[in-house]
Amino acid sequence: MNAFEIIGGKKLQGEIVPQGAKNEALQILSAVLLTEDKMTISNIPDIKDVNKLIDLLAALGVSVNRVNKDTYEFEAKNINIDYFQSEEFKHKGGGLRGSIMIVGPLLARFGKAAIPKPGGDKIGRRRLDTHFLGFEKLGAKFVYDAENNFFNVDATALKGTYILLDEASVTGTANVVMAAVLAKGTTTIYNAACEPYLQQLCKMLNRMGANISGIGSNLLTIEGVERLGGTEHRMLPDMIEIGSFIGLAAMTGSEITIKDVCFKELGIIPTVFAKLGIQFELRGDDIFIPAQDSYEIDTFIDGSILTVSDAPWPGFTPDLLSIVLVTAIQAKGNVLIHQKMFESRLFFVDKLIDMGAQIILCDPHRATVIGLNKQTKLRGIEMTSPDIRAGVSLLIAALSAQGKSVIYNIEQIERGYQDIEERLKALGADIRRVEAQPSH
């Protein structure tokens, strides 16, 4: 089992380039199935979840050509629809949450699909009902094969319709959009997610010949077209990484420049970190964070304790709440972190408490952080990462702590962050990969 061994307490310095957005990649790569023409996609992050999806596309019959480290060409001319019923697909598709994303495009183009019950992160029950209900509204029929744990889908004649999504799910919206672009007639999706990733997908589909209006709002109108052509697309930088690096700079008192951030696509994220008292300035499209010995959390106007909570875009993304929580540990002041969208995402705080953080876990959704104002350093400990975002939060805590930390289960971190160890080393972090087993 791989682990990271970290000697913390060092100031870092330098430039870091965020990778392409993982959550955008899973949608965009699935969309190559909508056309038999060539698609060129760049700024693809080189991480496990994305590489698994590329493998799955290749196994389906997509011709995949890697042009350079972050750019691929795809041609989905000869798709093997029977591959769905194979044991190999069950194995490959079942081990990857993103595999659900290929269903929409395949239904649209071929009228059928099958999907094993997906796996992925343990952050509460992430339901897939939104996807399936959307497909059913368009006319798809689902048969769950309990014996083999498969959903078989028949969608020979998808028709546009009015769809009110039960939740503004990003992947759910993306999947239904991809199914609707080739359906007959007009589809209206209300309560659609409007994340930048989804806007990116819709803009790309329009370049391919789709007819989608309302992009960026929660009401999308899609006029079905006969066929789609190829195009080129570049992924946005990963906003979760950008937020993680802002938190890392503050916690370690480091001067860091985050390059090419596509600032206008970051929404409320910079504002939330500013509320924690973190200073930064925009230089071109780079975020420069000066070394700060101390940062003070704002209060609300009436003086009451600040609350940071997650909400569907353009609200604050749930993926960054654990980063905000960790960053607040060394701030001056207090903050209530309210994780509304997922239960069990805050269960890693016990590790932070072991390190010396002052945190009260109120319930599975809320934690109060009492800032140490850098008067006391965290101490290094051994810990295990429960999910991708908690893993990076623990990494940030370890880099700011005194002494040695060991983080196990780093496969979870590497599912979402490419070359994280090399990129942190380049900033001066003392981090190395070791083979180790947890002692407990």
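This is a short dialogue about reading cores, cavities and annotated sites in a predicted model.

Me: What should I know about the model before I start?

Reply: It is a predicted model, where local features need pLDDT of at least 70 and side-chain atom pairs count only at pLDDT 80 or more, while totals for chains, interfaces and linings use all residues. Residues are numbered from 1 along each chain as its sequence is written, and side-chain values use heavy atoms, leaving out hydrogens and water.

Me: Which residues touch the most other members of the largest nonpolar core?

Reply: A nonpolar core is a set of buried Ala, Val, Leu, Ile, Met, Phe, Trp, Tyr and Cys residues joined through side-chain atoms within 4.5 Å. Buried means under 20% relative accessible area, exposed over 50%, and partly exposed in between, with a 1.4 Å probe and protein chains only. Here the largest core has 76 residues, and Ile258, Leu325 and Leu352 touch the most other members. Another core, of 73 residues, lies apart from it and includes Ala25, Ile28, Leu33 and Met178.

Me: How do I find empty space, and what lines the largest cavity?

Reply: Rolling a probe the size of a water molecule over the atoms shows where empty space is left. On a 1 Å grid over the protein atoms alone, a cavity is a set of points where a 1.4 Å probe fits but cannot get out, and lining residues have an atom within 4 Å of a point. Grid points are joined across faces, edges and corners, and a volume is the space filled by probe spheres set on the points. The largest cavity has a volume of about 60 Å³, and its lining includes Ser244, Phe245, Val392 and Tyr417. Helix α12 (388-400) gives the most to this lining, with 4 residues. Helices (H or I, at least four residues) are DSSP runs, numbered from the N terminus.

Me: Is lysine 22 buried or exposed?

Reply: Lysine 22 counts as buried because its relative accessibility is 8%. UniProt, in an unreviewed entry, places a "binding site" at Lys22 and Asn23; UniProt positions are given in the numbering used here, feature names are shortened, and annotations may be inferred rather than shown by experiment. Lysine 22 sits in helix α1 (residues 22-30). Contact means heavy atoms within 4.5 Å, and beyond its neighbours within four places in sequence, lysine 22 is in contact with residues including Asp49, Asp238 and Arg415.

Me: And what about asparagine 23?

Reply: Asparagine 23 is also placed in helix α1, but counts as partly exposed because its relative accessibility is 26%. Not counting residues up to four places away in sequence, asparagine 23 touches Tyr197, Asp319 and Arg389.

Technical notes. 1 Å grid on protein atoms, 1.4 Å probe; cavity = no way out; pocket = protein on both sides within 12 Å on 5 of 7 lines; lining within 4 Å. Helix = DSSP H or I, 4+ residues; strand = E, 2+ residues; numbered from the N terminus.
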